[in-house]
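Visitor: I should like to study one part of a model in detail rather than survey the whole. May I ask for a guided answer on a single helix and its surroundings?

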Amino acid sequence: MKDTPEGGIAGEATLLIPATEEHLSLLAEWFADPGFVRNWGGRPLTREEVAAMYTGRRRPAVVSLLVLRGVDSVGYAQYVTTGPHEGGIDMVLLPHAQGQGYGPDAARALVRHLRTVLGWDRVTVDPEASNHRAIRAWRKAGFRPVGPRGSQLLMEYRPAQNGPLRPAPADASC
């Protein structure tokens, strides 16, 4: 994508931009929707909880991002450093944006940023083990299962083991 705003992370089809207080109404609407939070904590959140957790107030510990497709906001992502040269990603897309390859595209863009800008050697995700769509999407982004972690599946991306980041095939749908 061209014309990446300052602080934006561009994928082939998506753009991740820092989430800010400006986005509070949008994020509060999303995180109040049981369908949106089904695999993200499982319970709707209050506006105050969303403001505290997802509008950038936890920087630099947690970096909050909106996932855009063109000018439309289609999801939320965040990353957190968990050790030297490593950390984790969380991402959730709006139901209408799922199954179109936006998740893997945004994940690859974010991993590329974490590797090249922050120098991470290992990136982890931990989708619910029952969320087969998310697991498929993370696999398409280059993540490999490590093992169970309670009700979640720990997955990782390590450049030396997973190889270079490649776009998903044109017929990919996640």
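Visitor: Which residues in α3 are buried?

Guide: In α3, the buried residues are Val-50, Ala-51 and Tyr-54, where buried means under 20% relative accessible area, exposed over 50%, and partly exposed in between (1.4 Å probe, protein chains only). Around the axis they cover an arc of only 110 degrees, and therefore they lie on the same side of α3; the arc is taken from the directions from the helix axis to the C-beta atoms.

The model is a predicted one, in which local features need pLDDT of at least 70 and side-chain atom pairs count only at pLDDT 80 or more, while totals for chains, interfaces and linings use all residues. Residues are numbered from 1 along each chain as its sequence is written, and side-chain values use heavy atoms, with hydrogens and water left out.

Helix α3 spans residues 47-54. Helices (H or I, at least four residues) and strands (E, at least two) are DSSP runs numbered from the N terminus. The buried residues of α3 pack against α1, β3 and β4, a contact being heavy atoms within 4.5 Å.

One of these partners, α1, covers residues 24-32, and its own buried residues are Leu-24, Leu-27, Ala-28, Trp-30 and Phe-31. Viewed down the axis of α1, these residues fall within an arc of 165 degrees, so they line one face of that helix. They pack against α2 (34-37) and α3, and also against the strands β3 (62-69) and β4 (72-83).

Tyr-54 of α3 has a further role in the description of the interior. The largest nonpolar core has 31 residues, and those with the most contacts inside it are Leu-16, Ile-89, Leu-110, Trp-138 and Phe-143. Such a core is a set of buried Ala, Val, Leu, Ile, Met, Phe, Trp, Tyr and Cys residues joined through side-chain atoms within 4.5 Å. Two or more of its residues come from each of β3, β4, β5, α4, β6, α5 and β8, and α4 provides the largest share, 7 residues. A second, separate core of 19 residues includes Tyr-54, together with Leu-15, Ala-19 and Tyr-76.

The backbone that follows the helix also deserves attention. Just after α3, Gly-56 takes a positive phi of about 95 degrees. Further along, Pro-60 is placed in the loop between α3 and β3, and the peptide bond leading to Pro-60 from Arg-59 is cis, with omega near 0 degrees. As background, most residues other than glycine have a negative phi, and most peptide bonds are trans.

Beyond β4, His-85 lies in the loop that leads to β5. His-85 has a phi near 65 degrees, a positive value in a residue other than glycine. This residue counts as partly exposed because its relative accessibility is 47%.

Finally, α3 may be set within the whole chain. The chain contains 6 helices and 8 strands, which follow the pattern β-β-α-α-α-β-β-β-α-β-α-β-β-α along the sequence. Of its 174 residues, 47% are buried. Where contacts join residues at least 6 apart in sequence, 53% of them link residues at least 24 apart.
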